[in-house]
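Subject: the structure, plus what I found in it

Hi,

Here is the structure I said I would send over. Have a look at it first, and then read on for my notes.

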Amino acid sequence: MRNPRELYELTTAATDVPAGLPFVAGLTGFADAGNAVTQLGAYMLGNLPSHELIASFDNDILLDYRARRPTFTFANDHIEDYQPPRLELHLVSDEVGRPFLFLHGYEPDFAWEAFAAAVLGLVETFEASSLDWVHAIPMPVPHTRPLQVTVSGNNTELIDRLSVWRPRTQAPATAMHLIEHRATDRGHLVNGFVVLVPHYLGDTEYPATLITALQSVSAATGLVFATDHLRDDDNDFIANINEQVLGNPELQRLVGALEERHDTYMKENPARRTMADAENLPTADEIAAELERFLAHQRRHGDDAAPDNLD
């Protein structure tokens, strides 16, 4: 196996990462139904107060360029820009300034064992409190019911509380499945979340998948994420879908059959609570109150400096 340390390069900021942070991961490249993982990356690195690059992985080792060709910009008569894919680890702050590590980018095409060892090496170097990861798959479920998750790992309390579908099956693996398996063997706290997305919306950018992914990470880590604007987007999205369904009798029959199947399953499995019932994300007012508590805690422990970039 290739030396795992050859797969990535740390930045100078890595020396300042506090120990004991949650390690959150979302890799694209396999069944990203509803663009859940893609949206998660954009949210974490575009909407939260701050993020800083900690490590970048080597495309020339991990990426099949011909299978996933990078893009370039051609400007009239010359190449103006070249954008290779990126696989990176960032130090991110949640809405109240609590830091966590976030691994995001493409799923490697090559060297999975070395990549798994590299990620676990980072988890152990930074003494991460947990390894939490998200992906999404299409399922025969209706958009008229709350999205559900299947939870894997070794956090039995969280599995009992949130996991709706618990099959015994064989399925194509992802690199993160391998990492979860290796991490569990080494005694790390691991939470894997699969968002179960209506199959007929799998190719859309479905806002509810991001909300459910954030709920899952929040349930596992206690991190705080604002979702008011996401809920507005989701309401608009669902209204548009409902309008299309009402205008198409065949779609009405499809959704009706899925609703009946879903409701029968939930009746037969009363212990399977919905994510919406189990773990609602906070409102803006609740985030403000949590921020006040967090800052008060910092002051009590002798740190008068507020978290950076909270505006």
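How much space lies in the largest pocket? About 750 Å³. Before I go further, please keep in mind that this is a predicted model.

**The pocket**

The largest pocket is lined by 19 residues, and those closest to its centre are Pro-167, Thr-169, Ala-171, His-177 and Val-194. If you want to find your way there by secondary structure, look for strand 8, strand 9 and helix 5 (175–185), the elements that each give two or more residues to the lining. As for chemistry, eleven of the lining residues are nonpolar, five are polar and three are charged.

**The chain as a whole**

Stepping back, the protein chain has ten helices and ten strands. It runs to 311 residues, and 47% of them are buried. Among contacts in the chain with a separation of 6 or more, 82% are between residues 24 or more positions apart.

**The sheet**

Eight of the strands form an open sheet with mixed pairing, in the order 1-3-6-7-2-8-10-9. Strand 1 (8–10) and strand 9 (148–153) are at the edges; each has a single partner strand, so one side of each has no neighbour in the sheet. From one strand to the next, the twist averages 25°.

Helix 3 (residues 112–125) packs on this sheet. It touches strand 1, strand 2 (22–28), strand 3 (50–57), strand 6 (87–93), strand 7 (99–106) and strand 8 (130–139), and its direction makes about 155° with that of strand 2.

Here is how some of the strands pair up:

- Strand 2 and strand 8 run parallel and are joined by four bridges. Ala-25 is opposite Trp-133 in strand 8.
- Strand 8 and strand 10 also run parallel, with nine bridges between them. In this pair, Pro-138 stands opposite Val-197 in strand 10.
- Strand 9 and strand 10 (residues 190–198) run antiparallel, joined by six bridges. Ser-152 is opposite Gly-192 in strand 10.

Is strand 8 mostly covered or mostly open? Mostly covered: nine of its ten residues are buried.

**Helix 5**

Helix 5, which helps to line the largest pocket, has these buried residues: Ala-175, Met-176, Leu-178, Ile-179, Glu-180 and Ala-183. You will notice that Glu-180 is in that list. What covers them includes strand 2, helix 3, strand 8, strand 9 and strand 10. Just after the helix, Gly-187 takes a positive phi of about 85°.

**The cavities**

There are two cavities of 30 Å³ or more in the structure. The largest cavity holds about 60 Å³ of space. Its lining is made up of Leu-27, Thr-28, Phe-30, Glu-107, Trp-133, Val-134, His-135, Thr-174 and Met-176. Strand 2 and strand 8 are the elements that give two or more residues to this lining, and strand 8 has the largest share, with three. Five of the lining residues are nonpolar, three are polar and one is charged. Two residues here have come up already: Trp-133, which sits opposite Ala-25, and Met-176, one of the buried residues of helix 5.

The second largest cavity has about 40 Å³ of space. Lining it are Val-141, Pro-142, Arg-145, Pro-146, Leu-147, Gln-148, Leu-196 and His-262. That gives five nonpolar, two polar and one charged residues.

**One glycine to look at**

Where is Gly-202 found? In the loop between strand 10 and helix 6 (207–221). Its relative accessibility is 12%, under the 20% cut-off, so Gly-202 counts as buried. Apart from its neighbours within four places in sequence, Gly-202 is in contact with Asp-32, Ala-33, Gly-34 and Asn-35. Gly-202 and Pro-138 are 64 residues apart in sequence, yet their C-alpha atoms are 5.7 Å apart in space. Pro-138 is the residue that stands opposite Val-197 in strand 10.

That's what I have for now. Shout if you want to go through any of it together.

Cheers

Key. Residues are numbered from 1 along each chain as its sequence is written. This is a predicted model: local features need pLDDT of at least 70, side-chain atom pairs count only at pLDDT 80 or more; totals for chains, interfaces and linings use all residues. Side-chain values use heavy atoms; hydrogens and water are left out. Two strands pair if DSSP finds at least two bridges between them. Axes are lines fitted to C-alpha atoms, for helices over the stretch in contact, and angles run from 0 to 180 degrees between N-to-C directions. Contact means heavy atoms within 4.5 Å. Buried means under 20% relative accessible area, exposed over 50%, partly exposed in between (1.4 Å probe, protein chains only). On a 1 Å grid over the protein atoms alone, a cavity is a set of points where a 1.4 Å probe fits but cannot get out, and a pocket is an open set with protein on both sides within 12 Å along at least five of seven lines; lining residues have an atom within 4 Å of a point. Grid points are joined across faces, edges and corners, and a volume is the space filled by probe spheres set on the points. Ala, Val, Leu, Ile, Met, Phe, Trp, Tyr, Cys and Pro count as nonpolar, Asp, Glu, Lys and Arg as charged, and the others, Gly among them, as polar.
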